[in-house]
Amino acid sequence: MTTRGVLYVHSAPRALCPHVEWAVGGVLGTRVTLDWIRQPASPGTWRSELSWQGQVGTASRLASALRGWHLLRFEVTAEPCATAEGERYSSTPDLGIFHAVTGIHGDILIPEDRLRAALSRAGRGETDLQAEVEKLLGKPWDDELEPFRHAGEGAPVRWLHQVV
């Protein structure tokens, strides 16, 4: 089964850009050349977007391939399909990686056990329930990435299909 999604590289140092292309190409099974543009939200960094189509699990493999570079900010999305829910991965140097399952309308779906754990921690006074729910929804990542998202409006998007 195939799905499609988008890789948003929100900011990468210039020296890291070819490594990102190599890693993405390794996951997709084809040579990748991204159209890099300057990222005004972080001078000295570059951004790019790539629409992809591939097997279910491609978003996870892309996020795993990119997560090791500390100076990289990125997001990977995958649309839901007949055999799998959608996914969203967000990564920032300060927060690390966030993963969420998404429904057909893009809403984040929080598993019951994660909600129960958040309620339990809040009930024991270990944390604030609102802060726990915000983390489950990825709010800290959204807050950090939002300036980088707006800086990329109007950026070119290319489609690339995974070689199967």
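A cavity is, on a 1 Å grid over the protein atoms alone, a set of points where a 1.4 Å probe fits but cannot get out; grid points are joined across faces, edges and corners, and a volume is the space filled by probe spheres set on the points. The structure is a predicted model, in which local features need pLDDT (the predictor's confidence in each residue, from 0 to 100) of at least 70, side-chain atom pairs count only at pLDDT 80 or more, and totals for chains, interfaces and linings use all residues. Residues are numbered from 1 along each chain as its sequence is written, and side-chain values use heavy atoms, with hydrogens and water left out.

**Exercise 1.** Determine how many cavities of 30 Å³ or more the structure holds, and what lines the largest.

*Solution.* A search of the whole structure finds one cavity of that volume or more. The largest cavity contains about 40 Å³ of space. Its lining residues (those with an atom within 4 Å of a point) are T3, V56, G57, A78, E79, P80, C81, A84, E85 and E87.

**Exercise 2.** Establish which residues of helix α2 (residues 58-66) are buried, and how they are arranged about its axis.

*Solution.* Taking buried as under 20% relative accessible area with a 1.4 Å probe and protein chains only, one obtains T58, A59, L62, A63 and L66. Seen down the axis of α2, these residues fall within an arc of 135°, so they line one face of the helix; the arc is that of the directions from the helix axis to the C-beta atoms. Their cover includes β1 (2-13), α1 (17-28), β3 (45-55), β4, β5 (86-92) and β6 (96-102).

**Exercise 3.** Find which strand has the lowest mean pLDDT among the elements.

*Solution.* The protein averages a pLDDT of 92, yet strand β8 (residues 158-161) has the lowest mean among the elements, 48.

How values were computed: Helix = DSSP H or I, 4+ residues; strand = E, 2+ residues; numbered from the N terminus. Buried < 20%, exposed > 50% of the residue type's maximum accessible area, 1.4 Å probe, protein only. Contact = heavy atoms within 4.5 Å. 1 Å grid on protein atoms, 1.4 Å probe; cavity = no way out; pocket = protein on both sides within 12 Å on 5 of 7 lines; lining within 4 Å.
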